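Me: I'd like to go through how these two chains meet, one question at a time. Could you take me through it?

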Amino acid sequence: MAEANLNSAAQVVTLKPAKGWLGIDLKELWHYRELIYFLTWRDIKVRYKQAVLGIAWSVLQPVLTTAIMTVVFGILLKVESDGLPYPVFALSALLPWHLFQLSLQKSSISLVGNANLLTKVYFPRVIIPLSSVLAALVDFVISLVLLFITMAIYKIPLTWSVLWVIPLTLLTVLAALAVGLWLSALNVQYRDVQQMVPFLIQIWMYATPIVYPITTIPEGTFRYIYSLNPMVGVVQGFRWAFFGGSPPDMTLLISSLAVLVLLVSGLFFFRRMEKTFADVV
Amino acid sequence: MMDSDLSILVRGIGKRYKIGAAQQHTDTLRDLITAQAARIGSSLRGKRNHSNEADHIWALRDVNFEVKRGQALGIIGRNGAGKSTLLKVLSRVTDPTEGYGELRGRVGSLLEVGTGFHPELTGRENIFLNGAILGMHKKEIEARFDEIVAFSEVEKFIDTPVKRYSSGMYLRLAFAVAAHLEPEILVVDEVLAVGDADFQRKCLGKMGDVADSGRTVLFVSHNMSAIQRLTQDSIVLDKGKVLLRAPSAEAVDFYLNRGLSKLGERFWEEDEVPVSSTPFRPLSIRILDKTGHVSDSVRSVEPIRIEIDYELTEDVTGLRVGYYLFTTRGEPVFTSFDIDSEELFKEYTARPKGVYTSRCTIPPDTLNEGRFLLGVNASSYGIRRYFQDDQALSFSVDSSGAPGTHWPEPRPGPVRPVLGWEIEQKGSA
């Protein structure tokens, strides 16, 4: 009985005007972990429903993009590729890039797409863009197999440094979440955002060393500024983890710091905006 | 911290919204930029920006009440009185602008029946998804899964995507999930307006169970008999304020007699009409007695005239304007539209913009004594509902002088037609 009382006392919910810039409530997020799971699961399930090839698309998309890039940049334009076969060179960068791109596409429209939830039920709003990003992660993990197959075909040996892929993937997810928080919250108020996202993604892709090697960018200050793009560090990290070479220390450090700044500011911005989501969406 | 026997405590809660123009203007970046430019421009010219208060509307203001654990509280009010906003604040969908409140326990609401259902997912998958959205844990859902399916009566289609469901099946499944949430506080908003009679009965039954099992219920409805049956106490909301808190019978009485029009006439203020009604703008509705005077109380033995004034801000095709007549217990009596007759239907298929009155006469000896409620509907059949107000106006009918009133007993039933009786004697004893 005493326990029941304690329980009900713990469940008291307070209603009051939200003030100022709030941080994120991790404890509450943990309490809602099953909702995160179900929304992620829904996004994955729904994405390939009524598609004959189903989840195979998550593999086909990078394959097709790699093929196109190999023809255009590798064969026709003869872009150099750090001495690697061009398909391997492109694919190793495309995998994290696809994760980032898909996350951004899905998360930026996620709040508006779930307007019926926002206006009817309470839960921490950050769950919505978060689950869009997590759903993209599942595609990524499946498509990772592709890279191992390609490396085997080109007889490129694997080393232990491949384990770096795990923290690098986490960095990609955080980068995507950070940008997703900004874009999804802005999109609730200004639908211009969803019109802008395709262009943003295009620009971002060419500002990342995917089709060209990072050596194209002059070393020194300019390279550091370039590395403020979080995906520069990620892509360099991926290539290093798979193919070795010089470690991307400074690049990765700058990129990680950029992610941190984006993420923290994104969380605060999101929390500030979420008070009015239900009223303006 | 509130007393332990209280379930809900609300102190001075207010919610302010930006209205119409102010909000729409900043919907896109371009508008924001031009609005900012205009503001800078006007401040450069030395004009003060004092439109702040006018751009806002208080949907709720200074709302205070408390609900004891296990009590069922009714919330009554016209459309736009702030009922939905209050429920949104209580279910934490939106934050109050001012004030303070406490809720003890999980809040579940039937206003979100089917929220988060995904058409592509199967019934089974949607039960889990919807359950999680409503705040149930996976284990709880698994434990109640069979019960939910049985309640919904869609066993055979449980592995079919819900987009192939009929609307009835969809609704039953959605309600089944919500009904098994078993929250400490249940919020019900007009759920009884949907579904067939059987389904409504089931909903009411389930709500009664919830109240009996010692949980707290907040019930918003236009159905006054349901309010009286299911709640002990009610609050009457008007223009965002609590006018009265009283035992439900008293509150219903107060609402019907005062919350609506006393005079047999009702005007729609600009802010009561949703923007989505455009180009239909209701102006007023009134009851006239035999002599043509506006009256709240008419006689059953005389013709009763009903007039609806409205404006069309654009040409409209296929519009019909009419009313539903209900008893104050929410039972429908009849429905009638202005272009029911073939001639009028042909003549007014297309109506140019302008101000109109649709007038109708209820013949003598139609209604029984009692109080009635008029609901207004303006729609194009199968295309669009422009405007609906289920409780536009109430009025009383007095049956004195009607045939049969030489016996003082009340007669049950909403109508009191004069029927042609014949008596024939089949021989003598």
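Me: Which residue of β4(B) does A:Val12 stand opposite?
Reply: Happy to help, and do keep in mind that this is a predicted model. Strand β1 of chain A, residues 12-15, is joined to β4(B) by four bridges, and the two run antiparallel. Within β4(B), the residue opposite A:Val12 is B:Arg104.

Me: And what is the bridge partner of A:Thr14 in β4(B)?
Reply: We stay with the antiparallel strands β1 of chain A and β4(B). Here A:Thr14 has as its bridge partner B:Glu102.

Me: What is the order of the strands in the open sheet?
Reply: Four strands make up this sheet, and their pairing is antiparallel. Its edge strands, each pairing on one side only, are β1 of chain A and β2 (56-68) of chain B. From one strand to the next, the twist averages 15°. The order reads β1(A)-β4(B)-β1(B)-β2(B).

Me: Which helix packs on the sheet?
Reply: The helix touches β1 of chain A along with β1, β2 and β4 of chain B. Its direction makes about 65° with that of β2(B). This helix is α3(B).

Me: Which element gives the largest share of the side of chain B that touches chain A?
Reply: Overall, 35 residues of chain B are in contact with 28 residues of chain A. On that side of chain B, β1 (6-18), α3 (83-90), β4 (98-104) and α4 (123-133) each supply at least two residues. By class, the side has 15 nonpolar, 10 polar and 10 charged residues. The largest share, six residues, comes from β4(B).

Methods
Residues are numbered from 1 along each chain as its sequence is written. Chains are lettered from A and ligands numbered from 1 in the order in which they are written. This is a predicted model: local features need pLDDT of at least 70, side-chain atom pairs count only at pLDDT 80 or more; totals for chains, interfaces and linings use all residues. Two residues are in contact if their C-beta atoms, placed from the backbone, lie within 7 Å. Ala, Val, Leu, Ile, Met, Phe, Trp, Tyr, Cys and Pro count as nonpolar, Asp, Glu, Lys and Arg as charged, and the others, Gly among them, as polar. Two strands pair if DSSP finds at least two bridges between them. Axes are lines fitted to C-alpha atoms, for helices over the stretch in contact, and angles run from 0 to 180 degrees between N-to-C directions.
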